[in-house]
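Work through the exercises below with the coordinates open. Each task is followed by a stepwise solution.

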There are 2 protein chains.
Amino acid sequence: MATIYQVSELAGVSLATVSRVMNNNTKVSDKTKQKVLKAMAELGYQPNSIAQSLASNRSNSVGVLVSELHGPFFGDMMSAIEDTLRLEGKHTIITSGHSDEERERASIEFLIGRKCDALILHAEAVTDEYLLNLESRGIEFVLINRYIKQLENRCIRLDNKQGGYLATQHLIKLGHQKLAYISGPKWKQDAQERLQGHKQALTDAGIDFDEALCFEGDYQQSSGSKGLDWLCEHAPKFSCVVCANDEMASGVMTRARQLGINVPSELSVVGFDNIIYANYLYPTLTTIDYPIYEMGRMAAKYILKQVYEKKNLDIESVFVPKLEIRDSSIEYV
Amino acid sequence: MATIYQVSELAGVSLATVSRVMNNNTKVSDKTKQKVLKAMAELGYQPNSIAQSLASNRSNSVGVLVSELHGPFFGDMMSAIEDTLRLEGKHTIITSGHSDEERERASIEFLIGRKCDALILHAEAVTDEYLLNLESRGIEFVLINRYIKQLENRCIRLDNKQGGYLATQHLIKLGHQKLAYISGPKWKQDAQERLQGHKQALTDAGIDFDEALCFEGDYQQSSGSKGLDWLCEHAPKFSCVVCANDEMASGVMTRARQLGINVPSELSVVGFDNIIYANYLYPTLTTIDYPIYEMGRMAAKYILKQVYEKKNLDIESVFVPKLEIRDSSIEYV
DNA sequence: TTGAAAGCGATACCAG
DNA sequence: CTGGTATCGCTTTCAA
């Protein structure tokens, strides 16, 4: 692998000059520039980015933390970020935290050690203090789907409560009075907020929230199935179930089919997230649109603006959920 | 951020000694070791991995290239790799190539520039020559889902042809005689192989392959829908359709429903890959199991063995597809 | 506009 | 077992 030294030798200029044409920030005469370019081409020179990072304390790469590397939600998030950053020549390093405090922290520290210029975090398990401390360490970062008051301007988020509200309100408007709910893990902020929205919608409609109609899932498809089983066995009668995400909703629909319960005529189902295949389920799933791709883009833009000094970028930090009505929910008769 | 220099100063030893306790490969007296450890703790010292890489020409990270960051297939692949590598303290850097030659090459060069110790590549667009050249450059890598004779031992792959064969044979055994086929992009190796398997199965059953019953999709869900439309309009009558992947199969089933065609009674559908939600579709999808998680693990193990000198790892490079019979395919009457 | 030289933060070889 | 020192490949003042 050719080094900058060999290039400078072949071109008959100094190291510094070669470096200058690479980063073309300083003026270099056109003639020398051509010589250098030619030498680089001839040697098939590729700068060693590790050395660049060490010297400049800049890596042109941003670190991303997701909960899981698989799953439609994080897939879209990663794609959005990489697409956006790549256009500006920045690279993306991805790690996963598995919703576990220890592992999230380890991943974040790894990214920092890797001298990422900034971080985009979907951090669920790590404490507020840790994140606050990150800021005081001078680390540049932005949070997706988490709200911490003191870090407000670094939070790109969806109004989850409003989303939960919309989902439930939709069913109430359809005449449903007995609504079951399958929540995400209660310790997760978004799960809490979505549930709060649900309760608020009930209250506003004069319906009492019944703990017995509420099952705590884990956001996985299988827990939707488990949830439906549990509800059928332990809960009072209900005509619909609102799920805290689409994957659990999918689990519910599949299990319902196995149990011989028709969706939507006997049971309406509503999801949350609007993941890509919500529209390919049968029946197609009524859900709350979570513009995760847009939010991923926005997070990347934030970094571009704050860290890489791109101007003319409007940052918007709170996104609004939208109800997407499809076939899995119908009027209660 | 503390440096090794400050640690050595505080501990009253040389740089070299500090380095030695970090990498504990050379003997260091217990007493000095404790002094150093204490100093490190006191300063909250974290080695700078960029500097380590530059100096050691080792990064303890392996680069991964996938086609897309989203999608169930690549999600599982990435998860498998990261899970396996992390257990050994190695890190994963992920990039995407979007099935585009230019971008695949750029990503690979980025990973190399990043001094990854090895690469795991799902490279579709880059030429054989390029890959061959990679080897002669002395780069350690392993290929997933691609076969190049000269690189045979570096190829972790599924017998795609056999998979295509099984899918088609299954339908023929059920009595189908008019089989439509929706392939992946013809320029992709796996798409070719699966199609070959399909043709072989037809031939073995004495059925002629009919070009008019074959639509070329792009492995996306939407092209499954488009494919069915096209087939209904242009192709002779058929009683089933075999799809080169599950996502297109899902598209076919959804479109069939919209067209009022019952699956499976009027149309049997078979997919390929056995992605996680194949089992949540309605009807559940008959498909060919692609053990991508296992293959991702295996690729990681190969690297662990070859590059990081872990012993006692059995490497298996050709995986066997398995037919997974579910509800989307039934006997032809 | 260009060159010389001092780092960046570690590793690793060679002596002692 | 420990210390000194050259080195990795590049960036970035500082002068010229």
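The exercises cover the two protein chains and then the two DNA strands.

**Conventions.** Residues are numbered from 1 along each chain as its sequence is written, and chains are lettered from A and ligands numbered from 1 in the order in which they are written. This is a predicted model, where local features need pLDDT of at least 70, side-chain atom pairs count only at pLDDT 80 or more, and totals for chains, interfaces and linings use all residues; side-chain values use heavy atoms, with hydrogens and water left out.

**Exercise 1. Find the operation that lays chain A on chain B.**

Step 1. Superpose by least squares on the C-alpha atoms of residues with pLDDT of at least 70 in both copies.
Step 2. Read off the operation: a turn of 180° and a shift of 0.3 Å along the axis, with an RMSD of 0.4 Å.
Step 3. The two copies are thus related as by a two-fold rotation axis.

**Exercise 2. Describe the interface of chain A and chain B by contacts and buried area.**

Step 1. Count contacts (heavy atoms within 4.5 Å). In chain A, 45 residues touch 45 residues of chain B.
Step 2. Compare the two sides. Of the interface residues of chain A, 96% are also interface residues in chain B, so the copies meet through the same surface.
Step 3. Take the buried area, which is the accessible area (1.4 Å probe) that two parts lose on being put together, summed over both. The two chains bury about 4000 Å² between them, and 57% of it is on carbon and sulfur atoms.
Step 4. Find the top contributors in chain A. A:Ile50, A:Arg114 and A:Tyr280 lose the most area to chain B, together 18% of what that side buries.

**Exercise 3. Count the salt bridges and polar contacts between chain A and chain B.**

Step 1. Test for salt bridges (a side-chain nitrogen of Lys or Arg within 4 Å of a carboxyl oxygen of Asp or Glu). The count is zero.
Step 2. Test for polar contacts. These are pairs of N or O atoms within 3.5 Å; within protein, one must be able to donate a hydrogen and the other to accept it, and residues adjacent in sequence count only if both atoms are side-chain atoms. Seven residue pairs pass across the interface, both residues at pLDDT 80 or more.

**Exercise 4. Identify the residues nearest to DNA strand D and its phosphate contacts.**

Step 1. Collect the residues near the strand (one heavy atom within 4 Å of it). Of 24 such residues, A:Ile4, A:Tyr45, B:Thr17, B:Arg20 and B:Lys27 come nearest.
Step 2. Split the strand's atoms within 4 Å of the protein: 66% belong to sugar or phosphate, the rest to bases.
Step 3. List side-chain contacts to phosphate oxygens. A polar atom of A:Ser19 lies at 2.7 Å, an N or O atom of B:Thr17 at 2.7 Å, and a polar atom of B:Thr32 at 2.8 Å.

**Exercise 5. Repeat the analysis for DNA strand C.**

Step 1. Here 25 residues surround the strand, and A:Thr17, A:Arg20, A:Lys27, B:Ile4 and B:Ser19 come nearest.
Step 2. Sugar and phosphate make up 65% of the strand's atoms that come within 4 Å of the protein.
Step 3. Phosphate oxygens of strand C lie 2.5 Å from a polar side-chain atom of B:Ser19 and 2.9 Å from one of A:Ser29. For B:Asn48 the partner is a polar backbone atom, at 2.7 Å.
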